[in-house]
Amino acid sequence: MNNGFSTGEEDSRGGHTDQTCCLIDDMERCRNQAGYASYSKRIQKTVAQKRLKLSSDPSAQHIYICDYHKERIQSVRTKRRRKDSEDDSNETDTDLPNFPDLYQLHVSTLRRYKRHFKVQTRQGMKRAQLADTIMKHFKTIPIKEESEIITYFVYMVKMGSNKLDQKNGIGNDTT
């Protein structure tokens, strides 16, 4: 160990064998084994912005954190929103149901969605803008009750047909 930085001689099982996490969580020092993630200035800034009750222990001889705190910090970082997506509303992350992350889809997939649902957009939008527009549309699609969907599914299974067969005229006794 050299000034808190790895020399490559650590245990290969995923952590620094002789070190514990350098964080103080809600006024109590974490006792978990430190991993390879470090508590950098950028991570400290995220922790401060998200008002997590985490701080670095000044007596720690390193900046490595445990996997628990790494996952906790990453989970609040991924909940970050685009600037113009929903900032105007009073909704919080806990108020919203889990929506898919459309920002990771390819532009061609977003364009197919736009075409299928006839979503109006201006010409030449960038992927992030297109994803924002499609996410707003996606949130407006009404969701049927779970019991109604299950009942319909069981009915279709018993009848031996599906919705696509009905649209294509298959399964109708016209012969």
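**Exercise 1. How many helices and strands does the chain have, and in what order do the elements run?**

Start with the count: the secondary structure comes to six helices and three strands. This is a predicted model, so keep that in mind throughout. Next, walk along from the N terminus, and the elements read β-β-α-β-α-α-α-α-α.

**Exercise 2. Work out what share of the chain is buried, what its contacts join, and what its exposed area is made of.**

Step one: the chain has 175 residues, and 25% of them count as buried. Step two: take the contacts between residues at least 6 apart in sequence; 55% of these join residues at least 24 apart. Step three: the chain exposes about 13900 Å², with carbon and sulfur atoms supplying 50% of that area.

**Exercise 3. Find the salt bridges and say which parts of the chain they link.**

Use the cut-off for the search: a side-chain nitrogen of Lys or Arg within 4 Å of a carboxyl oxygen of Asp or Glu. With that rule you get two salt bridges.

- Arg72 and Asp25 pair up through their side chains, at 2.7 Å from N to O. Since Arg72 belongs to helix H2 (residues 67-78) and Asp25 to strand S1 (residues 23-25), the bridge ties together parts that are 47 residues apart in sequence.
- Asp57 and Arg29 make the other bridge, with their closest N and O atoms 2.4 Å apart. Asp57 is in the loop between S3 and H2, while Arg29 is in strand S2 (residues 28-29), so this pair links distant parts of the chain, 28 residues apart.

Now check the cover on each partner. In the bridge to H2, Asp25 is buried at 18% relative accessibility, while Arg72 is partly exposed at 23%. In the other bridge, Asp57 is buried with a relative accessible area of 12%, and Arg29 is partly exposed with 27%. The line between the two classes sits at 20% relative accessible area.

**Exercise 4. Which residues of H1 are buried, and where do they sit around the axis?**

First list the buried residues of H1: Ile43, Thr46 and Val47. They cover an arc of only 100 degrees around the axis, which puts them on the same side of H1.

Then flip to the face turned away from that buried side. Here you'll find the exposed residues Lys41, Arg42, Lys45, Ala48 and Gln49.

**Exercise 5. Look at phi of Arg51 and of Lys118, and place both residues in the chain.**

A bit of background before the numbers: most residues other than glycine have a negative phi.

Take Arg51: its phi is near 55 degrees, a positive value in a residue other than glycine. Arg51 comes just after H1, in the loop between helix H1 (41-49) and strand S3 (54-56). At 74% relative accessibility, Arg51 counts as exposed.

Now Lys118: its phi is also positive, near 55 degrees. This residue sits in the loop between helix H3 (107-117) and helix H4 (127-140). Lys118 counts as exposed too, with 65% relative accessibility.

**Exercise 6. How many aromatic pairs are there, and what is the geometry?**

Ring centres within 6.5 Å make a pair, and the count comes to one. The partners are Tyr113 and Phe117, with 4.6 Å from centre to centre and 40 degrees between the planes. To classify the pair, recall that stacked needs under 30 degrees and edge-to-face over 60; the pair is therefore tilted.

Where are the two rings? Both residues lie in helix H3, four residues apart, about one turn of the helix. As for cover, Tyr113 is buried at 17% relative accessibility, whereas Phe117 is partly exposed with a relative accessible area of 37%.

**Exercise 7. Which residues make the nonpolar surface patch of about 380 Å²?**

The members are Ile150, Phe153, Val154 and Val157. Pick out Ile150 to see where it belongs: this residue is found in helix H5 (residues 146-159). Ile150 counts as partly exposed, at 46% relative accessibility. That fits the rule for patch members, which asks for over 30% relative accessible area.

Conventions: Residues numbered from 1 in each chain as written. Predicted model: local features only at pLDDT ≥ 70, side-chain atom pairs only at ≥ 80, totals over all residues. Heavy atoms only, no water. Patch = residues over 30% accessible without salt bridge, like charges linked within 9 Å, V, L, I, M, F, W, Y side chains within 5 Å. Areas by Shrake-Rupley, 256 points an atom, 1.4 Å probe, with all protein chains shown as cover. Helix = DSSP H or I, 4+ residues; strand = E, 2+ residues; numbered from the N terminus. Buried < 20%, exposed > 50% of the residue type's maximum accessible area, 1.4 Å probe, protein only. Contact = heavy atoms within 4.5 Å. Arc of directions from axis to C-beta. Phe/Tyr/Trp six-rings, centres within 6.5 Å; stacked < 30°, edge-to-face > 60°.
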